[in-house]
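Reader: I would be grateful for a close look at a single part of this model. Please describe its pairing and its surroundings in one connected account.

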Amino acid sequence: MITIIPAIDMIGGECVRLTQGDYDRQTTYFKNPLEVAKRYEDIGVQRLHLVDLDGAKESHPAAVNLRVLERVAAKTALDIQYGGGIKSEQALKEVCNAGATRAICGSNAVKEPEAFSGWLRQFGPERVILGADIREEKIAIHGWLECSEMSVDDLIDRFLPDGLSQTICTDISKDGMLGGPNFGLYTRLQQKYDTVNVTVSGGISCIEDLYQLNELGLRSVVIGKAIYEGRITMEDLKKCLQNG
C-alpha cells in the first residue's frame, strides 16, 4: 500500500491549514501538534510531514516550530520530514539536530542549485528531499509567494546526477481544495523518474483517492485538510495502514 504521510502545518506552534498557500486563508485546527502526532502514531502511521509556515515566509526555521519538532521527535518514534525556511546549511543542521529524519528544501534548490547539490552529497539523498511546488506548470518558491520559470522536470533533472531519490511535488492549485489530486501529473512523473520517490501532495479529498494513487503506482502521499475536515477519518487511515 502507498505510504501515508499525514501533514501538520504550523504557524506559531499551532496546527493550521492554508488554502492554496494563501496566508490570508488560514484555519487553525489544533493548539498542540504533539497530541495530533501521537494520535497518528497510535493508529500505525510511521512518517509525519511537519511544515513550518512561519519559516517558509521568513526564510529561516522559526524557533517556536523547531521546539514543536523537538517535542514530537522526543515523544514519538515517528519518521519526521520537516520543511519551511531551510535555505542555508546552518538551517538544515538546526532542523536535523532538532529531530527531523528528513529535510525538505525547495526554494534553495531553485535559487542556489550548487548548494542543494552539496547538501545531497554531504547529508545524503535519504535525508534531503526536493520540494517541488507547482503553480501553472512552473515551480513556486518562498512559501509559494513567488513563481520561477523552471518546470518540475527541469528541477528533478538538475539533481539526478547528485543522487536525488526523493521529491515532494505539490500542485498548489489543488492544495486545500479537497477536489482530488492531479493524478495525471504524478503518474507521469513517477513513470519518468523511476529511481525517485515522487510523493503526492495537494488535493486529497477522500479515501478512494489513496486507493487510486496506489493502483497507479505512486509510492507515498501527504494528506492534510481531508483529515481535519473529516473527509478521511482515523478509522479510514487505520484500515489503509493495515491493508499495507
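**Strand 6 and its surroundings**

Author: In this predicted model, strand 5 (residues 79-83) and strand 6 run parallel and are joined by 3 bridges. Within that pairing, Gly-83 of strand 5 has Ile-104 of strand 6 as its bridge partner. The connection between the two strands passes through helix 4 (residues 89-97), and the resulting β-α-β crossover is right-handed.

Strand 6 also pairs with strand 7 (residues 128-135), again in the parallel sense and over 3 bridges. Here Cys-105 stands opposite Leu-130 of strand 7.

The side chains of strand 6, which spans residues 102-105, point in two directions: Arg-102 and Ile-104 one way, Ala-103 and Cys-105 the other. All four of these residues are buried.

Arg-102, a member of strand 6, merits separate attention. Its relative accessible area is 15%, and because buried means under 20%, Arg-102 counts as buried. Beyond its neighbours within four places in sequence, Arg-102 is in contact with Asp-79, Ile-80, Gln-81 and Tyr-82, and also with Glu-126, Arg-127 and Ile-129. Arg-47 and Gln-166 complete that set of contacts.

Several of these contact partners appear again in the lining of a cavity. The whole structure holds 2 cavities of 30 Å³ or more, and the second largest has a volume of about 40 Å³. Among the residues lining the second largest cavity are Arg-47, Gln-81, Ile-129 and Gln-166, each of which is in contact with Arg-102. The lining also includes Thr-167, Ile-168, Asn-197 and Thr-199. By type, the lining residues of this cavity comprise 5 polar, 2 nonpolar and 1 charged.

As for the elements involved, strand 10 (166-171) and strand 11 (197-201) each contribute at least two residues to the lining of the second largest cavity. Strand 10 gives the largest share, with 3 residues.

Strands 10 and 11 also have a part in covering helix 8 (residues 183-192): they are included in what covers its buried residues, together with strand 7, helix 7 (152-159) and helix 9 (207-215). The buried residues of helix 8 are Phe-183, Leu-185, Tyr-186, Thr-187, Leu-189 and Gln-190. Strand 7 thus features twice in this account, as a parallel partner of strand 6 and as part of the cover over helix 8.

How values were computed. Residues numbered from 1 in each chain as written. Predicted model: local features only at pLDDT ≥ 70, side-chain atom pairs only at ≥ 80, totals over all residues. Heavy atoms only, no water. 1 Å grid on protein atoms, 1.4 Å probe; cavity = no way out; pocket = protein on both sides within 12 Å on 5 of 7 lines; lining within 4 Å. Points joined across faces, edges and corners; volume = space filled by probe spheres on them. Helix = DSSP H or I, 4+ residues; strand = E, 2+ residues; numbered from the N terminus. Nonpolar A, V, L, I, M, F, W, Y, C, P; charged D, E, K, R; others polar. Buried < 20%, exposed > 50% of the residue type's maximum accessible area, 1.4 Å probe, protein only. Pairing = 2+ DSSP bridges. Right-handed = clockwise from strand over helix to strand, strands pointing away. Contact = heavy atoms within 4.5 Å.
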